[in-house]
Amino acid sequence: MKLLNAGYGNYVVASRVIAVVSPDSAPMKRLKDEARAAGKLLDATQGRRTRSIIVTDTDHLILSAIQAETVAQRLGDREPLEGGSP
């Protein structure tokens, strides 16, 4: 079982991750509010600013203080990232 470092000593099972997104858009804010109301929001920011949201196949959302690009690289994403090099 491969674990994904979500930052500050928090880990997620990598095979359960379906998306890593930026929290800045209105749809992501709504998704976060809905997950909180449903009891499916996990805050792994350790009191820091939320910089990415990790979406799992169980509809849980994990808030991370690590940039989405960094989380994707940690996940083993081999695709070139927008604005980055391979």
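**Group meeting talk: salt bridges, cores and loops in one chain**

Asp-57 and Arg-16 form a salt bridge, with their closest N and O atoms 3.1 Å apart. This pair links distant parts of the chain: Asp-57 is in the loop between β5 (52-56) and β6 (61-64), while Arg-16 is in the loop between β2 (10-13) and β3 (17-21). Along the sequence, 41 residues separate the two. Before I go on, please note that this is a predicted model.

Are these two residues buried, exposed or partly exposed? Asp-57 has a relative accessibility of 38% and so counts as partly exposed. Arg-16 has a relative accessible area of 40%, so Arg-16 is partly exposed as well. The cut-offs here are under 20% for buried and over 50% for exposed, with partly exposed in between.

As a general point, side chains of opposite charge can pair when their charged atoms come close.

How many salt bridges does the structure hold? The count is two. The other pair is Arg-36 with Asp-33, at 3.7 Å from N to O. Both of these residues lie in helix α1, which covers residues 26-38. They are three residues apart, about one turn of the helix. Arg-36 counts as partly exposed because its relative accessibility is 48%. Asp-33, with a relative accessible area of 43%, is partly exposed too.

Now the overall layout. The chain has two helices and six strands. Going along the sequence, the pattern reads β-β-β-α-β-β-β-α. There are 86 residues in the chain, and buried residues make up 31% of them. The accessible surface of the chain is about 5,500 Å², and 48% of that belongs to carbon and sulfur atoms.

What share of the contacts between residues at least 6 apart in sequence joins residues at least 24 apart? In this chain the figure is 45%.

Next, the inside. Which residues make up the largest nonpolar core? There are 10 of them: Leu-4, Ala-6, Val-12, Ala-14, Val-17, Ala-44, Ile-54, Ile-62, Ile-66 and Val-71. A second core, separate from that one, has seven residues, including Ala-35, Leu-41, Val-55 and Leu-63. To see one member of the largest core with its surroundings, take Val-12. Setting aside residues up to four places away in sequence, Val-12 touches Lys-2, Leu-3, Leu-4, Ala-6, Val-17 and Ile-62.

Now the aromatic rings. How many aromatic pairs are there? The count comes to zero. There is, however, a charge over a ring: Arg-48 lies over the face of Tyr-8, at 3.8 Å from the ring centre. Tyr-8 is in the loop between β1 (3-7) and β2. With a relative accessible area of 42%, Tyr-8 is partly exposed.

Tyr-8 also brings us to the backbone. Most residues other than glycine have a negative phi. In Tyr-8 phi is positive, near 55°. Gln-46 also has a positive phi, near 55°, and is likewise a residue other than glycine. Where is Gln-46? Gln-46 sits in the loop between β4 (41-43) and β5. Its relative accessible area is 45%, so Gln-46 is partly exposed.

Stay in that loop for a moment. Thr-45 is also placed between β4 and β5. Is Thr-45 buried or exposed? Its relative accessible area is 2%, which means that Thr-45 is buried. Leaving out neighbours within four places in sequence, the contacts of Thr-45 are Tyr-8, Thr-50, Leu-63, Ser-64 and Ala-65. Two names on that list have come up already: Tyr-8 has Arg-48 over its ring, and Leu-63 belongs to the second core.

One last residue, Lys-40. Lys-40 lies in the loop between α1 and β4. Lys-40 is partly exposed, because its relative accessible area is 28%. What does Lys-40 touch, not counting residues up to four places away in sequence? The residues are Ala-35, Thr-58, Asp-59, His-60 and Leu-61. For Thr-58, there is also a distance: its C-alpha atom and that of Lys-40 are separated by 8.8 Å, with the two residues 18 apart along the chain.

To go back to the start: the salt bridge between Asp-57 and Arg-16 joins two loops, whereas Arg-36 and Asp-33 both lie in α1.

Technical notes. Residues numbered from 1 in each chain as written. Predicted model: local features only at pLDDT ≥ 70, side-chain atom pairs only at ≥ 80, totals over all residues. Heavy atoms only, no water. Salt bridge = Lys/Arg side-chain N within 4 Å of Asp/Glu carboxyl O. Helix = DSSP H or I, 4+ residues; strand = E, 2+ residues; numbered from the N terminus. Buried < 20%, exposed > 50% of the residue type's maximum accessible area, 1.4 Å probe, protein only. Phe/Tyr/Trp six-rings, centres within 6.5 Å; stacked < 30°, edge-to-face > 60°. Lys NZ or Arg CZ within 6 Å of the ring centre and 35° of its normal. Contact = heavy atoms within 4.5 Å. Areas by Shrake-Rupley, 256 points an atom, 1.4 Å probe, with all protein chains shown as cover. Core = buried A, V, L, I, M, F, W, Y, C linked by side-chain atoms within 4.5 Å.
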